[in-house]
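Q: Please take a close look at one part of this predicted model, and set out carefully how that part sits among its neighbours.

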Amino acid sequence: MISSNEFPQELDGQRPRPKSLGDLFLSFTILALQGFGGVLAVVQREMVERKRWLTQEEFLEEWAVAQIMPGPNVVNLSLVIGARYFGLRGAMAALAGMLTLPMLVVLMLALLHAHYADHPGVQGALRGMAAVSAGMIAATGLKLLSALRKHPLPLAWSVSAAVLGVVLVAWLRVPLAYVLLGLGGLCCVLTYRRIKA
């Protein structure tokens, strides 16, 4: 049984949300420091499963918006989530949390890398980190797949669009911008028509 102290906002009928700009800043700072090369998996786990600031469906919607904005996707996602709760001030607090300490860490690591880049242990560690990051991203994709059942488009259409997008970008080397505008635009129109019907 859940005690009244664990999720007080949920028991009052309200969804959990960041308590303040400082809470937003600190949450995104912690997320950014956890996620070298695989921040998406960490953000999804923290925002949806642990903090419950977003549902799985809301996370997918915000992630889709973040992907079409220029710039790094996870930084865009921090802006969108921050703005959702505190407007422009929230977007700036989340952005600052996502960038400040990680930027300092990256600068220190760049100095160390310049000195130790040729060491076999460093090269092996970087290859291992790349493999772990790829696995985390794949696992997050599988978790988010369940939310497609509630999407207005039939699951077969969604999967077909995803496969077509991968083929266009990875195999046929069509620029990502064209795929997003063309295939993404088509999916938006189809979704809108299904909602209106």
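A: In this predicted model, the largest share of the lining of the largest pocket comes from H8, which supplies 11 residues. That pocket has a volume of about 1,800 Å³, and 43 residues line it, with Leu60, Trp63, Ala64, Gln67 and Leu148 lying nearest its centre. Sorted by class, the lining comprises 28 nonpolar, 12 polar and three charged residues. At least two lining residues are supplied by each of H3, H4 (56–68), H5 (73–116), H6 (120–145), H7 (155–171) and H8 (176–196).

The surroundings of the pocket belong to a chain with eight helices and zero strands, so that the pattern read along the sequence is α-α-α-α-α-α-α-α. The C-alpha trace of this chain spans about 60 × 55 × 35 Å along its principal axes.

Among the helices that contribute to the lining, H3 can be followed through its packing against H2, H5 and H6, taken here in turn.

With H2 (residues 21–34), H3 (residues 39–50) packs at an angle of about 140°, the two axes being 8 Å apart. Because of that angle, which does not exceed the 145 degrees beyond which a pair counts as roughly antiparallel, H2 is oblique to H3. The crossing in which H2 passes H3 is right-handed. On the H2 side the contact involves Phe28, Leu31 and Gln34, while on the H3 side it involves Val39, Val42, Val43, Arg45, Glu46 and Met47. By class, the residues of this contact between H2 and H3 are six nonpolar, one polar and two charged.

Towards H5, the axis of H3 comes within 10 Å of its partner, and the two cross at roughly 35°. Here Val39, Leu40, Val43 and Met47 of H3 meet Val74, Leu77, Ile81 and Met98 of H5, and the residues of this contact between H3 and H5 are eight nonpolar, with no polar and no charged ones. Val39, Val43 and Met47 of H3 are thus named in the contact with H2 as well as in the one with H5.

Towards H6, the axes of H3 and its partner come within 8 Å and cross at roughly 40°, and H3 and H6 are therefore oblique to each other. This contact is formed by Leu40, Ala41, Val42, Gln44 and Glu49 from H3, together with Met136, Thr140, Lys143 and Leu144 from H6. Its residues divide into five nonpolar, two polar and two charged. Leu40 of H3, which takes part in the contact with H5, is also listed in the contact with H6, and Val42 of H3 is listed both there and in the contact with H2.

Terms used
Residues are numbered from 1 along each chain as its sequence is written. This is a predicted model: local features need pLDDT of at least 70, side-chain atom pairs count only at pLDDT 80 or more; totals for chains, interfaces and linings use all residues. Side-chain values use heavy atoms; hydrogens and water are left out. Axes are lines fitted to C-alpha atoms, for helices over the stretch in contact, and angles run from 0 to 180 degrees between N-to-C directions. Helices (H or I, at least four residues) and strands (E, at least two) are DSSP runs, numbered from the N terminus. Angles under 35 degrees count as roughly parallel, over 145 as roughly antiparallel, 65 to 115 as roughly perpendicular and the rest as oblique. A crossing is left-handed if the near helix is turned anticlockwise from the far one by less than a right angle, and right-handed if clockwise. Contact means heavy atoms within 4.5 Å. Ala, Val, Leu, Ile, Met, Phe, Trp, Tyr, Cys and Pro count as nonpolar, Asp, Glu, Lys and Arg as charged, and the others, Gly among them, as polar. On a 1 Å grid over the protein atoms alone, a cavity is a set of points where a 1.4 Å probe fits but cannot get out, and a pocket is an open set with protein on both sides within 12 Å along at least five of seven lines; lining residues have an atom within 4 Å of a point. Grid points are joined across faces, edges and corners, and a volume is the space filled by probe spheres set on the points.
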